[in-house]
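Hi everyone, thanks for having me. I've got one structure to walk you through today, so let's put it up on the screen.

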Amino acid sequence: MIPFLLFYAAIYMGNAVYGTFIPVYFDSIGASKTEIGILLSLGPLIAILAQPVWGAVGDRAKTKNRVLFILLAGSGISILFFPLSEHFYYLLFIISVFTFFQTSIFAISDTITLEQLDKQKKWTFGPIRMGGTIGFAAMSLIFGFIAKVHIHLIFPVYALIMLVSIILFLRFPKVAGYQSIGRKMHVWVLFKNRKLMIYMAVNFILQATLGYYYTFFPVYFKEMGGNHVLLGWSMVISSLSEIPFLLYADKIFKRVKISYVLLGTGIASTARWLLFYLITSPYYALPVQLLHGLMFIVLSVTLATYINREVPKELKASGQTLLGLLSLGAARIVGSFLGGVASDWIGMRSVFLICAVVALLCVVIFGYAVIREERKIRSVP
């Protein structure tokens with residue numbers, strides 16, 4: 001499983017370079033908060049269209065490996081076109097092309113990895129995914145120093161990382177698309193799973209607040225007086241905070257109901273956004289970043305694991321890409337676009353307070369639903 005571990009480290013290194021520093025790049029070329037919000041929400045809009053396509057292709061392909069190769073190569077090549085122009089409409093076009101490939105990498109990778117783990121039964125997903133956490137943390141710090149002087153190196157560095165990812169990926173065993181032979185199933189079957197849809201709804205709401213964070217926290221951090229190096233350290237802290245959950249995720253899932261895991265994530269989200277509203281120094285933001293370990297990684301691993309366990313094998317890729325559609329597509333649009341407009345209107349600090357209120361409402365409503373469901377179960381003789 002070592003190639004899988006190194007592969008996750010590589011693709012999340014790429015995510016650290018692009019996801020953390022592309023808002024800073026747009027800010028450095030003079031884009032307004034609204035323009036940054038539009039740029040980073042149009043990409044997810046394309047992802048909404050792309051995710052079902054890649055999921056269906058993955059389920060029907062002879063091997064899912066071919067689909068992943070196309071995604072890695074496509075994102076690595078398309079990102080090199082970013083620096084050719086700083087014109088807003090050109091950037092809109094390029095980010096759409098790039099996102100068409102990039103956003104499905106993680107869903108298809110998770111599908112291949114989880115299916116392979118089911119076959120060998122020796123490793124769990126948490127330690128494999130931890131490679132991504134460590135890779136993200138290391139590259140956030142390293143590129144923080146680079147971006148301080150050469151922010152434009154985002155693009156060639158990301159392309160190089162994708163090349164390394166492809167080299168590692170070529171060592172993966174082949175994983176078949178189960179609908180290439182055997183019975184055919186339509187993706188709408190997923191929507192009949194009531195519990196999955198409820199979990200997806202909670203995930204969407206909390207991911208929307210994270211969408212605002214991913215788009216505007218680097219800019220907000222800079223406005224508080226932080227520099228690129230300190231921003232890199234903040235991302236290191238947030239990344240490493242994921243390790244405890246990844247190490248014990250399998251044991252947690254055996255002892256704690258998924259509904260309670262998601263409620264805990266909602267509470268952590270409320271606390272984190274409220275603290276971001278209250279703090280005024282970038283140094284205070286560093287310890288707050290520890291709460292990240294109870295948010296994104298919990299949502300992504302919990303839902304990915306649930307889908308792998310509960311969704312028919314013919315729709316595993318579609319299930320993972322549906323998760324990606326909501327997390328990296330629709331939720332990011334809400335967080336980026338509406339957050340960008342709101343930031344120009346009332347300021348980034350106030351939008352973090354709104355995020356805290358949204359997360360709290362999610363906890364209250366979902367918590368009520370969980371209690372009501374458990375009362376029904378207890379009342380059944």
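**A helical chain and its nonpolar patch**

Okay, let's start with one residue: Val 357, which sits in helix α15. Keep in mind that what you're looking at is a predicted model.

So, is Val 357 buried or exposed? Neither, actually: its relative accessible area is 44%, and because buried means under 20% and exposed means over 50%, Val 357 counts as partly exposed.

Now look at who joins Val 357 on the surface. There's a nonpolar patch of about 780 Å², and besides Val 357 it includes Leu 353, Leu 360, Leu 361, Val 364 and Ile 365, along with Leu 274, Leu 275 and Leu 278. Two elements each give two or more residues to that patch: α11, running 258–278, and α15, running 348–379. Which of them gives the largest share? That's α15, with six residues.

Let's zoom out to the whole chain. If you go hunting for strands, you'll find zero, but you can count 15 helices.

How about overall size? Along the principal axes, the C-alpha atoms fill a box of roughly 60 × 50 × 35 Å. The radius of gyration is 20 Å, and that agrees with a compact globule of 381 residues, which would come out near 21 Å.

On the inside, 59% of the residues count as buried. And if you take contacts between residues at least 6 apart in sequence, 86% of them join residues at least 24 apart.

Last one, the outside: the accessible surface is about 16,100 Å², and carbon and sulfur atoms account for 70% of that.

That's my tour, thanks!

Note on methods. Residues numbered from 1 in each chain as written. Predicted model: local features only at pLDDT ≥ 70, side-chain atom pairs only at ≥ 80, totals over all residues. Heavy atoms only, no water. Patch = residues over 30% accessible without salt bridge, like charges linked within 9 Å, V, L, I, M, F, W, Y side chains within 5 Å. Areas by Shrake-Rupley, 256 points an atom, 1.4 Å probe, with all protein chains shown as cover. Salt bridge = Lys/Arg side-chain N within 4 Å of Asp/Glu carboxyl O. Helix = DSSP H or I, 4+ residues; strand = E, 2+ residues; numbered from the N terminus. Buried < 20%, exposed > 50% of the residue type's maximum accessible area, 1.4 Å probe, protein only. Rg over C-alpha atoms; globule rule 2.2 N^0.38 Å. Contact = heavy atoms within 4.5 Å.
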